Amino acid sequence: MRTLYFAPGQVSVLPSSCAVLHVSSILRELILETVRLGKLRNNNRLERALRDLTVFHIEKASPLPSFLTLPRQPQALVVAKAILESPGQSQSLAALCAGAGASVRTIQRAFQRDIGIDFETWRRQARVIKAIELLVAGFSVKEVSFAVGYRQSSAFVESFRRTFGTTPSTWVSQLGKLDGKAPGS
């Protein structure tokens, strides 16, 4: 992990709360160079350009799901906990609702009201977060894809690429480069 400090107002577009941002390859290199140099001086044209380019890429970076909000409604919470206990299960929402003693419509409304997203979007986020946990723990892409409910690794890889902008293998290797060691070791 690297930490950058900016003067108030220097980064104009940031999430309204704490967030994890997708760090592209160029942003990663800009951050590493900024940290290597330390405090960037305004009177140094190269350092000012580095700062401006870093800010530009931070403002363009998309937030990544890093936590999962649970619904407050008791039956919706039962459904959410069933997913968290077994994210690889492909039980339909109707089956999950029946197990919780509620209608699909009741659960959908509860997720929308309590979390602000529909159930399927929430389930995808739960699976992504579990996938990250397993990848960092050193499980193979194939093992992770099956553990989070994908029948084919290629479908998982494509979904991961759409979310993170890179494949799971590349993402894990980039983590290893930033840490100086391989994840799970």
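These are my notes on the helices and nonpolar cores of a predicted model.

**Ground rules.** I number residues from 1 along each chain as its sequence is written. The model is predicted, so local features need pLDDT of at least 70 and side-chain atom pairs count only at pLDDT 80 or more, while totals for chains, interfaces and linings use all residues; side-chain values use heavy atoms, without hydrogens and water.

**Overall.** I found nine helices and two strands (DSSP runs: H or I of at least four residues for helices, E of at least two for strands, numbered from the N terminus). From the N terminus their order is β-α-α-β-α-α-α-α-α-α-α. Of the 185 residues, 34% are buried (under 20% relative accessible area, 1.4 Å probe, protein chains only).

**Largest core.** I looked up the largest nonpolar core (buried Ala, Val, Leu, Ile, Met, Phe, Trp, Tyr and Cys joined through side-chain atoms within 4.5 Å). It has 16 residues, and those touching the most other members include Phe111, Phe119 and Trp122. Helices α3 (74-85), α4 (93-100), α5 (104-114) and α6 (119-136) each supply at least two of its residues. Another core, of 14 residues, lies apart from it and includes Val128 and Trp171.

**Phe111.** Beyond its neighbours within four places in sequence, I see Phe111 in contact (heavy atoms within 4.5 Å) with residues including Pro71, Val79, Ile117 and Trp122.

**α1 and α2.** Helix α1 (residues 25-37) packs on helix α2 (residues 45-60) at about 140°, with the axes 10 Å apart (lines fitted to C-alpha atoms over the stretch in contact; angles run from 0 to 180 degrees between N-to-C directions). The two helices are therefore oblique to each other (not under 35 degrees, over 145, or 65 to 115). Among the contact residues are Leu30 of α1 and Leu53 of α2.

Definitions and conventions:
Buried means under 20% relative accessible area, exposed over 50%, partly exposed in between (1.4 Å probe, protein chains only).
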